[in-house]
Amino acid sequence: MTKNSSNIMALSPNTSNKRETVCIFGTGDFGRALGLKMIQSGYPVVFGSRSTQTSSLIPKDAEVLSHAEAAQKAAIIIIALQRQHYNFLIPLAEVLHGKVLVDVSNNLKINQYPESNAEYLSQLLPGARVVKAFNTVSAWALQSGTLDASRQVFVCGDDMEAKQMVMDIVRAVGLTPLDKGSLLAAQEIENYPLQLFPMWKFPIFLSLGLTAFFFFYCLALDVIYPYVYQNKDFSFFIVISIPNRICPILALILLALVYLPGVLAAIIQLYRGTKYRRFPDWLDKWMLCRKQLGLVALAFASVHVLYTLVIPIRSYVRWRISSHTISQALNNKTEPLNTTNAWLSDSYVALGILGFFFFFLLGITSLPSVSNNVNWREFRFVQSKLGYLTLILCTAHTLVYGGKWFLNLSLYKWYLPHAYMLSLIVPCIVLVIKFVLIFPCLDKPLTQIRQGWERNPKYSE
Amino acid sequence: MTKNSSNIMALSPNTSNKRETVCIFGTGDFGRALGLKMIQSGYPVVFGSRSTQTSSLIPKDAEVLSHAEAAQKAAIIIIALQRQHYNFLIPLAEVLHGKVLVDVSNNLKINQYPESNAEYLSQLLPGARVVKAFNTVSAWALQSGTLDASRQVFVCGDDMEAKQMVMDIVRAVGLTPLDKGSLLAAQEIENYPLQLFPMWKFPIFLSLGLTAFFFFYCLALDVIYPYVYQNKDFSFFIVISIPNRICPILALILLALVYLPGVLAAIIQLYRGTKYRRFPDWLDKWMLCRKQLGLVALAFASVHVLYTLVIPIRSYVRWRISSHTISQALNNKTEPLNTTNAWLSDSYVALGILGFFFFFLLGITSLPSVSNNVNWREFRFVQSKLGYLTLILCTAHTLVYGGKWFLNLSLYKWYLPHAYMLSLIVPCIVLVIKFVLIFPCLDKPLTQIRQGWERNPKYSE
Amino acid sequence: MTKNSSNIMALSPNTSNKRETVCIFGTGDFGRALGLKMIQSGYPVVFGSRSTQTSSLIPKDAEVLSHAEAAQKAAIIIIALQRQHYNFLIPLAEVLHGKVLVDVSNNLKINQYPESNAEYLSQLLPGARVVKAFNTVSAWALQSGTLDASRQVFVCGDDMEAKQMVMDIVRAVGLTPLDKGSLLAAQEIENYPLQLFPMWKFPIFLSLGLTAFFFFYCLALDVIYPYVYQNKDFSFFIVISIPNRICPILALILLALVYLPGVLAAIIQLYRGTKYRRFPDWLDKWMLCRKQLGLVALAFASVHVLYTLVIPIRSYVRWRISSHTISQALNNKTEPLNTTNAWLSDSYVALGILGFFFFFLLGITSLPSVSNNVNWREFRFVQSKLGYLTLILCTAHTLVYGGKWFLNLSLYKWYLPHAYMLSLIVPCIVLVIKFVLIFPCLDKPLTQIRQGWERNPKYSE
């Protein structure tokens, strides 16, 4: 066994405690930062540079040589150059043959070039073993050592052994390597650090638009209307009262929009009689950002909860309650307890609390570390069963809250419905369709279709 | 080095950007979905089927051949068949010799067969290299691409190289492989997708039972008693008042049940004088679901907090306060500030807030991503020290809340104690035993026993 | 391919379902616990001991032999001895040659010895392949099976194949191996289980000190002052009112202290004209515990929120409001709505809610599983943009809350400023400096310096 393994050991980069020399091409900001970090981790570092003068900027213990000389000293060469300068490496092809070249470059735009920088490097120098790594870490972070953010370094490459050697360096400098497979993944890895919450854009812009609409709607009905007709100044409503109307409305609408694409997909599948045709593009995109929609809805619901709980602290509310009490006392009468009112008020509050509680549970299960610990069956149980329970509770909460206003026409200002009625449209549609889809005459074929059955095979692609 | 490594490279599945052909046995739902996904990821796919007609359902770019022909074209064969049909593979033993067979099958019940499907396949075809993978991913998820849930694919197998090849495919289709070791893990992997929160069953059923008991107990004392004797209709109490009594009671009892098995275990170890004998089965099971018990308790505590914070918004409470104020005003008297009352009310609320705060901290540390980042010493510090602090604060919160009622016999309806007194039994037992166990005369031998010392070695197994 | 791979397969520890024998040196607590666990996982276990009598404590199915005999039976030997006894192994050097030695030892103090135990073992027995593992798991946890905490086992070693074999054992006993690279990592791995929240010490002691200071400050102004001059007993303020003053003050100060080192660093970089000189040590340490400072601040903010929301439930507050209402009723007057007051009260509450909401978002993104899923650009966007937004909102919340008191000199007790004014000093300094640094005349050179430009290269090291 020892004999056999010695072969393997010769290939392993870490056979002794002595670290192997690493060469860095390029003395720019990132090259220097990485070089310093590697020297601190015990690696002898050699820089390859056009000018071989030791600049004051280069870490003290590092040697600076010409590209060719530096490359000969190391098995691993980190290419800390920009893509535009890669063709300078072609004359070095011979000396780089068989070496591990680590491409650390990033682009300025997503999909800037047809092929990734690492694949381009691999095409220029077919004899070298190219590994993509380190591009997701910033020079600033390496230098300052304050790696609060992700310590993950994505690594990909076609050569397993070269990848292992690079992953050992990643570990040695205190980061966590994550093997992303072959060099085909380089494009994705190069795009990764350029993204800024791509999945969140649609939910956030949608909710900003809806917020603006409902803000002006409520402003007109709750502030401008009483000012025009009753000459009352309720301008301070825009601080808490109106936000506390917008937040629950948006939470409810966005939550319903999480479940709408699901029922639309079911209708399309039932209509087509097959699951093997792609959904329209807009539906696919919608389905992919359901988690983000749900979390934005949860954020609105949370703010609504806080706004509601501070109601009794508000100076205006204290004044209103106290005025009401004083006027009763002055008129020498005591209102009896209105049991119906107590029922309605308590039900509405209790439904809201339960709805928020289950909503919060849904939010917790969408944390990556929690969802990684549940299997598919559990995840679908939570997202589907708990999700619809949440939607039902929140819709009921809104219905009970405003039930009395539906019928009372005198409360319609400017013949416009109250804002919360608008918020009920989408959730009611979703719940009605879902309710219809539960009937066996629709549920049975739908289940069959989802298991692969086709009503009309000629329709399939 | 380059020479040596070329050997290794020849074995590596990803030596060039060109993906190797993959064969799929079976054209069922899962086989087709996986095939489509692999074609999209750049793999040439060949289906092995009894009928070699290209069905309209099979992805366009895939070839359909007989089993033997298809198997010869690929090094990796995905067996997308049911276990019952595995014996159809025996005649192909020769052509499958040395091939990597990927078992993707699932069963309908946990531990349906004595050995796992993958081990069964390995026994049928001893010459093949069997790898278990992909069974935790659903065909639906693969097809729709909406992998919100876990992207983890558990992989196990006895052949390291075969496992690596399969893990590369897993990565290529956008999932995360997780090496679970040898084929012995297949049973566990096959059971995994069939589970539905197995550890949560006991805590949830226990809390449902306790909820039902306390609901009827409170209903009798708070709704039926005043209706019978005072003819008052407090039926609306079942919406908020009674749930807000049940939630804290359950939170406290379940929290105490988290710490009860620990003190029971200490007593058993002290009695036996050794730690080397197994605890009774019920105690072992109880200890394993402590985390879930604690989280259910936290859920009840959170709902209790919300129910408590909405108290001043409730229509009934507003009416009660306003009636009280009016009656004072009409009687022309002002009650002076009762400092004792202010002390009691504030202490009770402050203890509750601190208790909930530490309880919430405990909950956060049980998130998988947080508990993975603390070591054993830190985890025990949090769970034990913070846990008992939480239990003490919550018990004190309950004691201060109801202190005055213990002595006032006129408040006992139907000679039954108030529900919250029942809730104090378990936590007080736990705290008293724990307090006794802290005394040096018991703590010292216990520590010795836990370090491996035995009072009476003949008792040990 | 099959031919080539057979070579590799011979080296792989798991080529068949039959587990290989594992030898354990030492029959202490940890050795026995690990042995039992491995027997349960299907490994034949042999113990190496000075006395070869089978003690009743040793698991039944294990053999006990002399060290030399036991070592010959296995390829993997787990050294469950203390470092002081490692030199007993030197005479066995020959029989241990080529074997995989697993060092499981821990020390009593951090950095107790100049080199790690594993490296020391490796120096004593240069022919053996030493792997560090299992030291982060406690014997108690292995025995009881209640592994609620981290299941991660850090593994490091210079020999790749030996490391693989040990990682397979780790997986087999139900734990998760984590490759930490070469044996150089052993020191860190040995220190890990001895730590007790090292990064949290400074934030916690700082906040304890500040809490004590502000507690006595508020006690003097709010309890002692009215008792001395007005003979009023407000001692119950120390339960809720004073904590609810301390919590927001500490939250605001600690939050500002998270952003202060950043602006100090910017000033230092601007002054020096380079980023290539190290910051003073105290600044480096401060920057490294910013996350912990922020989380402690969030904890104080959360408790402040809870304390604020229970205000209307407090017996004292109810008495105050009711007295005020009664006195108005008795005087037969009704105060009109004070719109300015309503604006101020609502703004202050709304700013607090929004500030807390963004603070909470910041807290969520610092969860390890969330921060691992965002890239650098997203992380810096959240931490920097959202962070300053939070600081601005919270400072504004405090300013609006106490705005009226700044000018009203009669409210200054003992000529001391109100405590919340002290809390505004640090956040205002941070915000003013940050505002100044945004001006182009300072922002432009700062950006250049951070991209690697130097004003005066001679200054650099």
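In the largest nonpolar core, a set of buried Ala, Val, Leu, Ile, Met, Phe, Trp, Tyr and Cys residues joined through side-chain atoms within 4.5 Å, there are 229 residues, and among these Leu391(B) and Leu391(C) touch the most other members. The model is predicted, so that local features need pLDDT of at least 70 and side-chain atom pairs count only at pLDDT 80 or more, while totals for chains, interfaces and linings use all residues; side-chain values use heavy atoms, with hydrogens and water left out. Residues are numbered from 1 along each chain as its sequence is written, and chains are lettered from A and ligands numbered from 1 in the order in which they are written. When neighbours within four places in sequence are set aside, Leu391(B) is in contact (heavy atoms within 4.5 Å) with Leu252(B), Leu255(B), Ala256(B), Tyr259(B), Pro427(B), Val430(B) and Leu431(B).

In chain A, strand β4 (residues 76-79) directs Ile76(A) and Ile78(A) one way and Ile77(A) and Ile79(A) the other, and all are buried, that is, under 20% relative accessible area with a 1.4 Å probe and protein chains only. Strands are DSSP runs of E of at least two residues, numbered from the N terminus, and two of them pair if DSSP finds at least two bridges between them. Strand β1 (residues 22-25) of chain A runs parallel to β4(A) and is joined to it by four bridges, with Ile24(A) opposite Ile78(A). Strand β5 (residues 100-103) of chain A likewise pairs with β4(A) in the parallel sense over four bridges, and here Asp103(A) is the bridge partner of Ile79(A).

Superposition by least squares on the C-alpha atoms of residues with pLDDT of at least 70 in both copies lays chain B on chain A with an RMSD of 0.1 Å, by a turn of 120° and a shift of 0.0 Å along the axis. The two copies are therefore related as by a three-fold rotation axis. In chain B, the C-alpha nearest this axis belongs to Ser369(B), at 3.1 Å from it.

Between chain B and chain C, 73 residues of chain B are in contact with 68 residues of chain C. The two chains bury about 6,400 Å² between them, 65% of it on carbon and sulfur atoms, buried area being the accessible area (1.4 Å probe) that two parts lose on being put together, summed over both. On the chain B side, Leu337(B), Asp346(B) and Trp376(B) lose the most area to chain C, together 11% of what that side buries. One salt bridge is found across this interface, the criterion being a side-chain nitrogen of Lys or Arg within 4 Å of a carboxyl oxygen of Asp or Glu. Arg314(C) forms a salt bridge with Asp346(B), with the closest N and O atoms 2.8 Å apart.

Key:
Buried means under 20% relative accessible area, exposed over 50%, partly exposed in between (1.4 Å probe, protein chains only).
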